[in-house]
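Open the structure in your viewer and keep the selection panel at hand. The stops below go from a helix pair to the charged side chains.

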Amino acid sequence: MIGYVTLGTNDLPRAVAFYDELLETIDASRFMETEKFVVWATAPDKPGLSITLPYNEDAATVGNGVMVALEMNSNEQVDAFYKKALALGATCEGAPGPRDIGGFYAAYFRDLDGNKLNAFHFNQS
């Protein structure tokens, strides 16, 4: 149902460098870009993540209660993705580990602009 999610930035080159390296860990790459935005996905027909300078040219701000959740293939991939995000300058919002929902393993962080993201794997066994 979701085609893509867009997050705002005030420094597009910095945000693009962060996401180029981070999303490479899950084999996502750029598939659409202009001078104002970049979109990454694992394939053009899969949901994407976009970083953009706000269209109205006002400052980008973080939405309170807004979070983007990115599905991983394993708990180990959650760990690696989270570790890479922190190495790139992200801040911890919840270390990797099992959560209260049975089989739900997740890690939470904020990117360089303060956007909250979650890497998760749901073990349905």
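This tour covers one helix packing and then a set of salt bridges. The model is a predicted one.

**Stop 1: the two helices**

Select residues 12-24, helix H1, and residues 75-87, helix H2. How far apart are the axes of H1 and H2, and at what angle do the helices pack? The axes are 9 Å apart, and the angle is about 160 degrees. H1 is therefore roughly antiparallel to H2, the cut-off for that term being over 145 degrees. Turn the view to look through one helix onto the other: the crossing of H1 past H2 is right-handed.

**Stop 2: the contact between them**

Now show side chains on both helices. On the H1 side, select Phe18, Glu21, Leu22 and Leu23; they meet Phe81, Lys84 and Ala85 of H2. Coloured by residue class, this contact of H1 with H2 has 5 nonpolar residues, 2 charged ones and no polar ones.

**Stop 3: Lys84 and Glu21**

Stay at the helix contact and keep Lys84 and Glu21 selected. These two residues form a salt bridge, with 3.2 Å between the closest N and O atoms. Because Lys84 belongs to helix H2 and Glu21 to helix H1, the pair ties together parts that lie 63 residues apart in sequence. Are these side chains buried, partly exposed or exposed? Lys84 is partly exposed at a relative accessible area of 29%, and Glu21 is partly exposed at 38%.

**Stop 4: Lys36 and Glu57**

How many salt bridges does the structure hold? There are 6. For another of them, select Lys36 and Glu57, whose closest N and O atoms are 3.9 Å apart. This pair links distant parts of the chain, 21 residues apart. Lys36 is in the loop between strand S2 (29-33) and strand S3 (37-41), while Glu57 is in the loop between strand S4 (48-52) and strand S5 (68-71). Switch on a surface to compare the partners: Lys36 is partly exposed, with a relative accessible area of 34%, whereas Glu57 is exposed, with 64%.

Before leaving the salt bridges, add Asp20, Arg30 and Glu33 to the selection: salt bridges with shared partners join these three into one network.

**Stop 5: Arg30 and Glu33**

Within that selection, centre on Arg30 and Glu33, which form a salt bridge with the closest N and O atoms 2.9 Å apart. Arg30 is partly exposed, its relative accessible area being 35%. Glu33 is also partly exposed, at 45%.

Terms used:
Residues numbered from 1 in each chain as written. Predicted model: local features only at pLDDT ≥ 70, side-chain atom pairs only at ≥ 80, totals over all residues. Heavy atoms only, no water. Axes fitted to C-alpha atoms, helices over the stretch in contact; angles between N-to-C directions. Helix = DSSP H or I, 4+ residues; strand = E, 2+ residues; numbered from the N terminus. Parallel < 35°, antiparallel > 145°, perpendicular 65-115°, else oblique. Left-handed = near helix turned anticlockwise from the far one by under 90°. Contact = heavy atoms within 4.5 Å. Nonpolar A, V, L, I, M, F, W, Y, C, P; charged D, E, K, R; others polar. Salt bridge = Lys/Arg side-chain N within 4 Å of Asp/Glu carboxyl O. Buried < 20%, exposed > 50% of the residue type's maximum accessible area, 1.4 Å probe, protein only.
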